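Let's take a walk through this model together. Have the viewer open and follow along as we go.

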Amino acid sequence: MRRARSATPSTNTDRHTTQRKREFTTVTALTLSTSGAATLRADALVVGIAKGAGSKSADLVVASGAEAVDKAFDGKLATVLETLGASGAEGEVTKLPAPSGLKVPVVVAVGLGPVPAKDDAYDSEVLRRAAGSAARALKGSKKAGFALPTESVEDASAVAEGALLGAYAFTAYQGGENRLAPKGAKADARKLPLGEVILLGTKPRDKAFKAAAERAVAVAEEINRARDLINTPPNDLYPESFAAVASAAGKEHGIKVQVLDEKALVKGGYGGLLGVGQGSTHGPRLVKLSYTHPKAEKTLALVGKGITYDSGGISLKSPGHNETMKCDMSGAAAVFAAVVSAARLGLRVNVTGWLALAENMPSGDATRPGDVLHMYSGKTVEVLNTDAEGRLVLADALTRASEEKPDAIVDVATLTGAMVVALGNRTFGVMSNDDAFRTSIHEIAEEVGEASWPMPLPADLRRGMDSPTADIANMGEKMGGGLVAGLFLQEFVGEGIAWAHLDIAGPAFHEGAPYGYTPKGGTGSAVRTLVRLAERTAAGDLG
Ligand code: BES
Ligand code: MN
Ligand code: ZN
């Protein structure tokens, strides 16, 4: 699998467009434009509507950015929308024919929830989700103008991110784009992502706006690539093919990529990765991605769980629990996306990504419950349940990452069903050996619009993993299973290194109806948090 080369962003007098090709589908282009909504020729104009705060609580308020559109409706846009039944609720999308004064056929009104308190700007996440809902509603269209609030760089960033993430569609295995499809088969155009997002009323020649647009494009494209990897079926995405994608991306973005294949893993004594991968015909890999900046003062290590399919192994999962287990490499996909984003943004920090890749399958060669593995760290692990495989591959990668003495390590993993029970489907858990670091990560996640919650690592749960045979067992008490997994990982982190563990088992893969900028399937959970963490580390904001 290869990525097409990037087109250089083009700038003309009033526009700034960035367009690239993604692996499977055409990416959405982003254009900043000073021009107003009245003169734009496009397929649609997007406007925001909020619930009024006045005595008549049903009153709709047209959000800033859409003044020209409202004028084309003789100032009656809110009234028309109210008559159509719009309430301004978050996520609500109302399409209506445009009046003759506009050069687009359709206006798309998207709800922003309650109007913010006086002078208070809309919350970034509200704008991100609204732009995402609008972009989703515009699938199959070529070009749309976003007349949402974009006066501040922060608002413009949020709208850009939301639109580019909401436009995402995974169509690689549907009609025509699949290389196995009959010749001449055509992709269903209605399902293709919106082709171009035009942010109206922005300043394309202003440095801050340009930088924000470029950042939004880089991060959204890498999140969308992570989504592609997660959504790719496990018969096509296995450790070797994932490593090949990483190598190709490394070449494109000046990232050094080293791949340890099975032979190298045996030579190095990576018993965790080998033990998990030995049941599969597709052998395990450990991929190291190194992005370095000549003036970097800090090094951040990111470690991702990359189980390309988790059947449970000999402790086989039951039907109902294995259908979505192609998502078990979401941590590795997030780490990969974050390292590439850091490189594309040229951040002044070194970021090393470790992808712990293996397929967890049952076979005559598979690890048995009762087997003892000799880990890379030298510790022995009694495998009591082969379905607790993530911690085994991560343990080796954490030990290896620690050898290089980074300033901090963050691992990302779809690690436990217990974390989903604790926090639900939209929130990831944050555990750490350093309270301040855990708090920072929680706050950073909040800032970028990702839901997370700090979780403890209670020392008393360690006893449950005592093994009569080995140094530790890979399972402990059932209660608090997410924390038990965290305690296991902690044993493989080098002395004195600040470490955090993000259990994204809930939010990594979305099975319900799409909402905001979140599609069905792979979400790209944790990428925005990791990128902001890298930016903060570069700025010297953290310890
Ligand atoms: N990959 C699963 C965890 C998971 C569950 C991810 C649901 C996404 C959605 C992990 O490898 C696993 O099977 N964990 C076991 C651990 C147990 C055997 C100690 C679990 O959570 O049941
Ligand atoms: Mn498992
Ligand atoms: Zn797993």
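Start with a charge sitting on a ring: Arg 426 lies over the face of Tyr 515, and the distance to the ring centre is 3.7 Å. There is another such arrangement to look up, with Arg 227 over the face of Tyr 168, this time at 5.3 Å from the ring centre. Keep in mind that what you are looking at is a predicted model.

Now zoom out to the chain. The protein chain has 14 helices and 22 strands. Its radius of gyration comes to 24 Å, close to the 24 Å that the globule rule gives for 543 residues, so the chain is as compact as a globular protein of that length. If you want to set up a box around the C-alpha atoms, roughly 80 × 55 × 50 Å along the principal axes holds them. Of the 543 residues, 57% count as buried. As for contacts with a separation of 6 or more, 75% of them are between residues 24 or more positions apart.

Next, the metals. Which residues hold the zinc ion (ligand 3)? Its protein donors are Lys 305 through NZ, Asp 310 and Asp 328 through OD, and Glu 389 through OE, and they lie 2.0 to 2.4 Å from the ion. Along the sequence, these donor residues follow the spacing K-x4-D-x17-D-x60-E. Asp 310 sits in strand 12 (residues 299-310), while Asp 328 is found in the loop between strand 12 and helix 9, 18 residues apart from it. Both Asp 310 and Asp 328 are buried. The site of the zinc ion (ligand 3) has 6 donor atoms with angles of 78 to 173° among them, and it is octahedral. For reference, the ideal angles for six octahedral donors are 90 or 180 degrees.

Asp 310 has a second job in the geometry here: this residue bridges the zinc ion (ligand 3) and the manganese ion (ligand 2), and the two ions lie 3.1 Å apart. The manganese ion (ligand 2) is coordinated at 2.1 to 2.2 Å by Asp 310 (OD), Asp 387 (both O and OD) and Glu 389 (OE). Written as a spacing along the chain, its donors read D-x76-D-x1-E. Octahedral or irregular, then, for the manganese site? The site is irregular, with angles of 70 to 168° among its 6 donor atoms.

Are the manganese donors Asp 387 and Glu 389 buried or partly exposed? Asp 387 has 23% relative accessibility, so it counts as partly exposed. Glu 389 has a relative accessible area of 1%, which means that this residue is buried.

Finally, on to the aromatic rings. The structure holds 4 aromatic pairs. One of them is formed by Phe 242 and Phe 336, edge-to-face at 6.2 Å centre to centre, with 65° between the planes. This pair links distant parts of the chain, as Phe 242 belongs to helix 6 (residues 239-253) and Phe 336 to helix 9 (residues 330-345), 94 residues apart. Phe 242 counts as buried because its relative accessibility is 0%, and Phe 336 is buried at a relative accessible area of 1%. Another pair joins Phe 488 and Phe 492: their ring centres are 5.1 Å apart and their planes meet at 35°, so this pair is tilted. Phe 488 and Phe 492 are both buried as well.

Methods. Residues numbered from 1 in each chain as written. Chains lettered and ligands numbered in written order. Predicted model: local features only at pLDDT ≥ 70, side-chain atom pairs only at ≥ 80, totals over all residues. Heavy atoms only, no water. Phe/Tyr/Trp six-rings, centres within 6.5 Å; stacked < 30°, edge-to-face > 60°. Helix = DSSP H or I, 4+ residues; strand = E, 2+ residues; numbered from the N terminus. Buried < 20%, exposed > 50% of the residue type's maximum accessible area, 1.4 Å probe, protein only. Lys NZ or Arg CZ within 6 Å of the ring centre and 35° of its normal. Donors = N, O, S within 2.8 Å, 3.2 Å for Na, K, Ca; no water. Tetrahedral: all angles 85-135°; square planar, octahedral: opposite > 155°, others 65-115°. Rg over C-alpha atoms; globule rule 2.2 N^0.38 Å. Contact = heavy atoms within 4.5 Å.
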